[in-house]
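Biologist: I would like to learn how to read aromatic pairs, burial and strand pairing from a set of coordinates. Could we take them in turn, with the model before us?

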Amino acid sequence: MSITIENILLVGSLLLFISILAGKTSYRFGVPTLVLFLSVGILAGSEGLGGIYFNDPEIAQFIGIASLNFILFSGGLDTNWKSIKPVVWQGISLSTFGVLFTALGVGTFVWAITDFSIYEGLLLGAIVSSTDAAAVFSILRSKNLALKSHLRPTLELESGSNDPMAYFLTIAFLGLVLNPEESIWTIIPLFIQQILIGGLLGFILGKLCKIVINKIKLDFDGLYPVLAIALMFIVFSVTNFMGGNGFLAVYLSGVYLGNQNLIRKKTIMQMFDGLAWLMQIVLFLTLGLLVYPSQIVPVVGIGIIISLFLIFIARPLGVFISLSFFKMKMRRRWYVSWVGLRGAVPIVFATYPLLAGVENANFIFNIVFFVSLSSVIIQGTSLAVVAKWLHVALPNKVKPKSQVESFLSEGAKSVLREILIPEKNHAVGKRIVDLGFPKKAIIAMISRQEQFITPKGTTEIEANDILIVLSEDDRTMTQVYNTLELKNDHEEIE
């Protein structure tokens, strides 16, 4: 069946519905959602039960780039700076040096055992060098698995930030495959340019995005997520135009915005969380439709060898080298090595050789697909077991509670205050989003002229307002008073 305007909505919605149900099933059995989403796409494809013919790598690549923007930006918004700050250099090392050494290891191995040129081998290694955050944490959530120390933030930071490095290496080695007379050292200036411009514009444009979101007054609250989507693509496009790494800029701008006070921040984050899931499903379905199972079978043998080398040698080598400068117990290093799931990103990057007309492009694509699938199946289904073997999993009784669980638990200490705003206070005339309130305190209600107002980020404080403030503890409440430049008369009483 060919995809037409008449049936695309029906077929697309049915595939989306089936994928959501498959995802729900995966949580119960611990099967990565990636596998099921891809399976639905393959079954619906030209060689499957659905018979949908799809063979357009260019459209698949466009969908992949758009989807990665949503996934990376959403991951950045969800990244808590306080949680990753203690491990930020470990995460950066893993997402740069770890990816580089993994790519070099796999690339050299492929060159040694196949008739690929060294540049073709390195291209394949670069394509499979990044890990998949969605696959990792969907399994951790389904198994209700908590990890010791700073393992989870480390894995979260690495998975969210290593795609830009893999993208750069893929583009760089693809250029060398197409122009083999060039020296490999020519990619170093390109790397410095991509990282510096991408990182710099990520923070600069992130700050500009904050100003735009907070300063533009929109008549409808539902337009704020739409505005954020437009800004996200502007960050990506401007950075690419300036010669930087657009994926890196999008992720960093998301991290910056996620740790700032924004108007309708909760709405924006919830919207992007849903869109990220939608983009993952659409991406996996598209890649599943693009794959021809009959072409995968001939590469199973070499695919298994490359996959095992990646899992047991190249990935651990990359992790151990990149973490050699940091103090970390050996069993935790081994677990970081094991949580190296490949996902949809390598398959998207594998479309670049197809569009560039590389001689072995189809072979590379099919190997990458098999390696990604086998990695998710082998490692994804065993994350919880390996965590227990290596003693890096926390028992249920000592698992850290989330902020909501801690707040609702019997031992939670919450502090409620009514704070009167004097006429000459600096907060008068300011919006709540501009006050710089502590993150562990909220203005639950405002009493104004004997009426109660439900506050929003855009609500302006007026003289003689009574703010009903709820905070986590007395220390946070003191910070609230300091922010408002008021004396806390309750300090000594408490």
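Modeller: Let us begin with the rings: those of Phe, Tyr and Trp, the last by its six-membered ring, count as a pair if their centres lie within 6.5 Å. Bear in mind that this is a predicted model, and that the structure holds 13 aromatic pairs by that criterion.

Biologist: How is the geometry of such a pair described?

Modeller: In general, a pair of aromatic rings is described by the distance of the centres and the angle of the planes. For F109 and F309 the ring centres are 4.0 Å apart and the planes stand at 5°, so this pair is stacked, given that planes under 30 degrees apart count as stacked. Because F109 belongs to helix α5 (residues 88-113) and F309 to helix α15 (residues 300-322), the pair ties together parts that are 200 residues apart in sequence.

Biologist: Are F109 and F309 buried or exposed?

Modeller: F109 is buried, and F309 is buried as well. A second pair is formed by Y167 and F349, whose ring centres lie 5.8 Å apart with the planes at 50°, so that this pair is tilted. Here Y167 sits in helix α9 (residues 163-178) and F349 in helix α17 (residues 344-349), so the pair ties together parts 182 residues apart in sequence. Y167 and F349 are both buried, and ring pairs link these two with F236, F247 and Y352 into a cluster.

Biologist: How should I read burial for a single residue, for instance N366, and which residues is N366 in contact with outside its neighbours within four places in sequence?

Modeller: Burial is read from the relative accessible area, and since buried means under 20%, N366 counts as buried because its relative accessibility is 7%. N366 is placed in helix α19 (residues 361-380), and, leaving aside the neighbours within four places in sequence, N366 is in contact with Q295, I296 and V299. F203, in helix α10 (residues 187-215), is by contrast partly exposed, with a relative accessible area of 42%.

Biologist: Finally, which strands pair with β2, and in what sense?

Modeller: Strand β2 (residues 441-448) runs antiparallel to strand β4 (residues 466-471), with 6 bridges joining the two, and A441 has S471 in β4 as its bridge partner. With strand β3 (residues 451-453), β2 also pairs in the antiparallel sense, over 3 bridges, and I446 has I453 in β3 as its bridge partner. Between β2 and β3, which form a hairpin, there are 2 residues, and Q449 in the turn has a positive phi of about 50°.

Technical notes:
Residues are numbered from 1 along each chain as its sequence is written. This is a predicted model: local features need pLDDT of at least 70, side-chain atom pairs count only at pLDDT 80 or more; totals for chains, interfaces and linings use all residues. Side-chain values use heavy atoms; hydrogens and water are left out. Helices (H or I, at least four residues) and strands (E, at least two) are DSSP runs, numbered from the N terminus. Buried means under 20% relative accessible area, exposed over 50%, partly exposed in between (1.4 Å probe, protein chains only). Contact means heavy atoms within 4.5 Å. Rings of Phe, Tyr and Trp (its six-membered ring) pair if their centres lie within 6.5 Å; planes under 30 degrees apart count as stacked, over 60 as edge-to-face and the rest as tilted. Two strands pair if DSSP finds at least two bridges between them.
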